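I opened the notebook on a structure that is new to me. I wanted to look up its internal cavities first, then some strand pairing.

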Amino acid sequence: MDILECSLLSGQWDSKLDTELESRPAITILAKDVIDGKFREVLTSLWARAFFRASGLRDNSYEESFSWQLPSVTDETEKELIQVVLAVASLHAFIQANWTGPELDINPSEVIVDMMNPILISDEVLDMKAVSELAYGGEPAYHLAQHATFLRLAQLIFALPYRHCISVCWWRLRTMIIHEQLLDEAVPFPTDAHDSLGSLLQTLTGDTGDRDLAGRLQLEQGRLEHIFCHDKAASDRFVQAARATGLQYELTGALGRRTKFQQNDLSQLVLLAESRKRNDSPAEAVPDDLVDQSCTPDDMSNMTYSNLPVTLGLNDDTLLEQTIFTSSAPSSTTSQLSHLDPVSQPPLHPLDQCILLSLCLNVRNTSPSHGLTSEQMSPYVARVISHPKNWSVHTMALLLRSRLESGRTRTVERSVLQLQALVDQMPTADSPLPERLLYFHSIPLPSKWEMERELALRFLTLGVVKSALEIFERLEMWEEVVKCWQSMEMTDKAVAIVRDLLEGRKEEAESVILRGKDLPSPRRGKLDSARQAKLWCLLGDLEPDNAVGHYERAWALSKETSGRAMRSLGGYYFARGEFEKAISCLQRAVKINPLLSRSWFILGCTYIRLENWEGARDSFSRCVSIDDEDGESWNNLASMYLRLDSSQNILESDVSGENQPSKAKSFSNRMLAFRALKQGLKYSYDNWRMWTNYMIVAMDVGELSEACRALTRIVEERSAKTGAECVDEEVLERLVNAVTRVPAGLDQSAGNDDRRRDAVNNPNEGHGLLRRVLDLFDRTILPRVSSPRIFRAYARLLTFQSRWEDALKAYLDWYRCSVAGTFEKGETDAEKWREAVNEVEDVVDVLKNFGPRVQGINWRHQARSIVRTFMGRSKDFDDQVEWSRLVEFQNELRTEE
């Protein structure tokens, strides 16, 4: 890759380029200006004035208006480099205006010249056209994004054909990520850019490649996967990025204190991390005062640097500013990082800090939603905050800490104040622009409006509705404004706002007042089609009686591109039982934006109502491919496989003869259901209904060890509420049967060694299953619940092990809670009495068989006592035929004695 391209990608000037100032001075100076953040000089240069000449821009789209000519440049390679430099300048100018600040010193109207219209086109008209063209996949772009024209120009320039500049595919990826952050919902883009990134990554990871650039590329690819909620793929990318840059990290424990009054040191989570040695990296040149390792944690929280965001102190009467580690070594001594002192770890390279923050995002996405999430994230964030080295990276770390602290009473105040401080610092010039842009593409830093939106949402959680409403109205985020009015039970006010917007009254007034400009009449109150469609959808949500008309109007206004309209209409029809119409709408919605798992889920539920099992299976398959942590979708997918299996069996019931392929397909469907439930239970571990389904399917496919595990979880979850009813006694007996149907002694199992080995190793039968079933009884079921069938199954299992005393005790426990054992005097049910007689006969037989094998027990006396007691309770039945059997038992026991 060309050195100039590498410098543009990394955002750092390479000293090797100083020699090129003589060979190609003009383009090298232009690239250096881009790296230094001098976008005005670049975008008003002679090449830029020639390149950004438009024709008929007022009436045509940007793509149709530009011919992208550089008549003064004949060399093809040089022309492509100039195009890339101008596109990067446009992209970074847009980022400066909307993400990093400070205020941009150039407007689109100073860059674009329309040859057919000598009158200068206003910036408002240019940006309005750009915002309209940036709408994609039915999702509108944020309409108050500043200078959206620059993003649209960068998009079009990077879309031109390139033969010599191999870094263009990477810039397309960066442009795509920025574009995604402008849209209301994530929308999949064409995959052409991904295909060419593979070869570029191979080039960077080769022997002569740049390890840091390779790490950056994988990190940015992971960011895109994160936007699409592909958490597993994103996690893999982040780990590969850490491996590429040579970052070593480990989450471990060390003794420390978290509160001011803590007396005893406890093990605290700490992230040990170390960057690889870099000798020629400009990013390593950090002032000594930024990496002073002798400062205390309290000093660290109070530090402020002129070029870094303000880090607010906690100032709590109990919690310390950060964990104080009293141990100089981690708990694990076998790690490669065991030489690091948790108290004073070395500073990390800023790129490695970006990777840690991305790994922190991955922890948030893939962990269960319980207390461990923040505990796992905090060490990552604390490791980055402890050594601030870059404005953007430190801003992101403080933002993540603010999010973590928003849910705790003692830290929520700093959370809000820190977020407010981050919002206020954006327009300031407290740090140079090149520093802010240096690692911007490597971190998920939100835009200015997204950060303000997050602040408003934080206000809402605290009940400060008025302040939140003011922010939402200023940002013109009307959906959130409507939710605020609804939370105050003022739906009429919300309807009035939406209608004013659609009729142009509110938009016109606010635009003129806030912007302080007299806009031309065609501009007054005009909304682009995507935004107007969204407002009609909002009105449909607010007015259910007229919802269908509003949604259909939104669909028509968007020229059948509004996924929101079809999603809302599909949900409306589904709720009212009009499933055929719902399917038609939802199919259009998922075609426009196939990344929204909720749309696929409702579509699958609609197919279920119509008993279209294949359609439902395909829909739920898409749900779990988008979000593999959706336990409910995994459960429904398994149900669809079973439904398909059942329907196929019905169709084949009229066909005579054996059909081996059909049987194989049936078993395949059941195995797919088993695997789907197994995957879903990872994310719905406490859902006893899913465990019940899993148990039944596991029994059906022969995975008895998994059925045993499922029954364990069901009893743990339900025993306190439902008692013995939580135990599926039929499944329990089948498990015992699977254990006891093999010979009890291994030397008695059939002749060859392979059969004996299978009897031990097979987890679904015999001795391989015995331990699981025993644990099920001893540790789970019997300490919680009991019933006659449970005791009898347990006794059979003990008999299989030749544990005669325990087996006899289990049989006696069975008898005590059986019909005979609980039979009361005065009972009149003859059928119940006959059943009890059979049970008495069974327990007497058990005593006869097991009693002689147990030492220290007078089994004859116990048997006579059982018969005598039962006869005493049931004297009213002495006229029954079965009474003579009881008398015979008594006589036999006396004779044997």
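I looked up the largest cavity and found a volume of about 110 Å³. I note that the model is predicted. Of the 13 residues that line this largest cavity, I listed those closest to its centre: L8, G11, I35, H92 and L437. My search covered the whole structure and gave 3 cavities of 30 Å³ or more.

Next I checked where the lining of the largest cavity comes from. At least two residues each are supplied by α1 (3-10), α3 (25-35), α7 (76-100) and α19 (433-438). Which helix gives the most to this lining? I found that α19 does, with 3 residues.

I then sorted the lining of the largest cavity by class. I recorded 8 nonpolar residues, 3 polar ones and 2 charged ones.

I turned to the strands and started from β3, residues 248-259. With β4, residues 266-274, β3 pairs in the antiparallel sense, and I noted 9 bridges for the pair. I followed the connection from β3 to β4 and found a hairpin of 6 residues.

I looked for a second partner and found β5, residues 319-325. β3 and β5 pair over 3 bridges, in the antiparallel sense.

Last, I looked up G256. Which residues stand opposite G256 in β4 and in β5? In β4, I found L266 opposite G256. In β5, I found that F325 is the bridge partner of G256.

Definitions and conventions. Residues numbered from 1 in each chain as written. Predicted model: local features only at pLDDT ≥ 70, side-chain atom pairs only at ≥ 80, totals over all residues. Heavy atoms only, no water. 1 Å grid on protein atoms, 1.4 Å probe; cavity = no way out; pocket = protein on both sides within 12 Å on 5 of 7 lines; lining within 4 Å. Points joined across faces, edges and corners; volume = space filled by probe spheres on them. Helix = DSSP H or I, 4+ residues; strand = E, 2+ residues; numbered from the N terminus. Nonpolar A, V, L, I, M, F, W, Y, C, P; charged D, E, K, R; others polar. Pairing = 2+ DSSP bridges.
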